[in-house]
Number of protein chains: 2
Amino acid sequence: MRALIVEDDKALARTLGEMLSSARFECDISNDGESGLDNGLSGAYDLIVLDIMLPKKDGFSIARELRKQKIAAPILMLTARTETNDKVRGLDSGADYYLTKPFEMSELLACVRALTRRQGEVIMDELSFGDIRLNLSTCDLGCGEKKVRLGKKEFSIMHILMSNGGAIVSKETLLNKVWGCESDAEDNNVEVYISFLRKKLSFLKATVQIATLRKFGYRLEAQA
Amino acid sequence: MRALIVEDDKALARTLGEMLSSARFECDISNDGESGLDNGLSGAYDLIVLDIMLPKKDGFSIARELRKQKIAAPILMLTARTETNDKVRGLDSGADYYLTKPFEMSELLACVRALTRRQGEVIMDELSFGDIRLNLSTCDLGCGEKKVRLGKKEFSIMHILMSNGGAIVSKETLLNKVWGCESDAEDNNVEVYISFLRKKLSFLKATVQIATLRKFGYRLEAQA
DNA sequence: CCCGAACCTGAAAAAAGCCTGAAGCTTGTG
DNA sequence: CACAAGCTTCAGGCTTTTTTCAGGTTCGGG
């Protein structure tokens with residue numbers, strides 16, 4: 001899971017980064033509103049922590065813009081402002097939770113868990129599609145009795161494909177979510193991993209396959 | 001949208017009910033934990049507002065039980081307890097938002113809006129005309145049980161035809177929208193793709209057809 | 001009824017996109 | 001330090017999409 005922290009107070013940003021890392025997030029930090037919005041728009045994140053008062057662009061407008069561009073990641077708005085009016089404004093701009101400073105680490109983490117629970121189906125620790133099962137805690141991909149261990153990147157890709165049901169996932173999405181939008185990985189990297197995954201699916205004798213939709217991306221397909 | 005309010009303070013319960021009604025919710029009220037849980041388990045609600053201190057059964061265990069029984073409705077936990085520990089416990093038992101009393105009406109309503117916003121989100125959108133369906137997330141064109149995959153240009157063209165209902169779409173429009181106005185593609189390119197699409201429609205045995213209007217363009221027609 | 005413009009469509013060439021084995025890196029571990 | 005596992009890069013070959021072309025068909029006006 002990737003998180004974006006948009007916060008101009010660098011000390012706080014680092015602290016947040018450490019907190020979230022301890023909750024197994026990979027974090028990117030933006031120190032001003034503009035870069036925060038840019039990063040957020042990449043669609044690479046599963047969580048966005050947003051301060052309100054920021055240089056260049058405030059949190060409200062960032063949230064609004066992200067939602068307008070169909071970025072669905074949960075937004076946790078984090079600020080010193082306790083005015084009811086600000087809370088309302090924050091939530092109505094598209095934030096999912098409004099937390100006021102100061103807050104304790106345990107509280108922040110509980111919010112994060114609550115926010116990401118639905119998205120990543122953290123409630124279950126197994127995802128399934130057709131005849132394959134992805135164990136989220138051991139990274140095993142199983143089918144019937146057989147199973148194989150997936151590497152970290154293989155796992156992320158399979159995770160994304162499976163949680164999207166049968167819908168198409170573009171290479172760009174995969175690059176952003178798996179490699180991060182800062183990375184300079186190219187389409188071919190995705191192709192290589194898709195190839196690895198296909199090899200494993202075929203080893204498992206799974207009926208589920210990864211279908212290529214030229215110029216669109218990939219998707220899972222059940223049945224033979 | 002239906003809301004369940006689980007709150008033993010009858011005055012507060014009524015106030016909450018009025019607030020939510022003003023936000024166009026139909027509200028039911030339970031005054032103790034047991035009946036709250038029973039009602040919640042019916043699965044009839046799109047929102048559950050839960051107090052923590054309740055007769056017979058506390059809010060934490062209600063939330064936990066609801067989640068265990070796969071009730072997915074957003075839970076707004078509402079309480080006078082401000083201890084961080086309680087917040088963590090509340091959120092971790094399955095609540096989606098923790099609001100401490102006293103709170104203002106506007107704040108509550110903003111939370112509710114934030115919590116219910118995601119409900120209406122459609123995962124798979126589909127465009128249909130006559131007996132054919134164009135799945136926008138998988139790029140399949142379907143009719144009855146059968147379906148075929150469309151290539152990118154085929155998809156764009158079909159998309160345009162279908163979203164125009166039965167209206168005429170000129171070749172020029174198609175060239176501009178599908179090839180881009182910079183392109184030097186010619187009318188014949190469109191014709192070739194229309195031909196591809198017709199072949200697929202006929203394979204699908206669809207009643208919908210692509211009609212040619214000489215000198216004007218193309219349009220979809222239902223009927224046999 | 002005839003003619004030309006508009007349209008259809010099969011085939012094949014051209015281009016774009018994708019697959020995958022192999023080799024070279026990097027990183028973490030015993 | 002050496003090894004293994006995972007990651008990246010690369011290049012050649014393969015597949016699908018897109019374009020092009022040419023011969024045929026249909027339509028409407030004169």
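Let me start with a term: two strands pair if DSSP finds at least two bridges between them. Helices (H or I, at least four residues) and strands (E, at least two) are themselves DSSP runs, numbered from the N terminus.

Before the tour, some housekeeping. This is a predicted model, so local features need pLDDT of at least 70 and side-chain atom pairs count only at pLDDT 80 or more, while totals for chains, interfaces and linings use all residues. Residues are numbered from 1 along each chain as its sequence is written, and chains are lettered from A and ligands numbered from 1 in the order in which they are written.

Now to the sheet in chain A. Four strands make an open, antiparallel sheet, in the order S6-S7-S8-S9. At its edges sit S6 (126–129) and S9 (146–149) of chain A, each pairing on one side only. On average, neighbouring strands here are turned by 20° against each other, direction ignored. In the middle, S7 (132–135) and S8 (140–143) of chain A pair over three bridges, and Ile132(A) has Cys143(A) as its bridge partner in S8(A). Across S6, S7 and S8 of chain A lies helix H6 (152–163) of chain A, running at about 60° to S6(A). For that angle, axes are lines fitted to C-alpha atoms, for helices over the stretch in contact, and angles run from 0 to 180 degrees between N-to-C directions.

Let's hop to chain B. There, S7 (132–135) and S8 (140–143) pair in the antiparallel sense over two bridges, with Leu134(B) opposite Leu141(B). The hairpin of S7(B) and S8(B) has four residues between the strands, and Cys139(B) in the turn has a positive phi of about 65°. S8(B) also pairs with S9 (146–149) of chain B, antiparallel over four bridges, and Leu141(B) stands opposite Val148(B) there. That second hairpin has two residues between its strands, and Gly144(B) takes a positive phi near 60°.

How is chain A divided? Into domain 1 (2–120) and domain 2 (126–221), with bounds from an automatic or database domain assignment. Their C-alpha centres lie 28 Å apart. Six residues from each of these two domains of chain A take part in the contact, where contact means C-beta atoms, placed from the backbone, within 7 Å.

And between the chains? 23 residues of chain B are in contact with 24 residues of chain A. Helices H4 (84–92) and H5 (105–117) of chain B each supply at least two residues of chain B's side, and H5(B) gives the largest share, six residues. By class, that side has nine nonpolar, five polar and nine charged residues. Here Ala, Val, Leu, Ile, Met, Phe, Trp, Tyr, Cys and Pro count as nonpolar, Asp, Glu, Lys and Arg as charged, and the others, Gly among them, as polar.

Last stop, the DNA. A residue is near a strand if its C-beta atom, placed from the backbone, lies within 6 Å of it. Which residues come nearest to DNA strand C? Of the 20 around it, they are Ser195(A), Thr212(A), Glu191(B), Ser195(B) and Thr212(B). Helix H8 (187–203) of chain A and its namesake in chain B each supply at least two residues of that surface, which has four nonpolar, six polar and ten charged residues. Around DNA strand D there are 22 residues, with Gly151(A), Lys152(A), Gly151(B), Lys152(B) and Lys153(B) nearest. H6 and H8 of both chain A and chain B give two or more residues each to the surface near DNA strand D.
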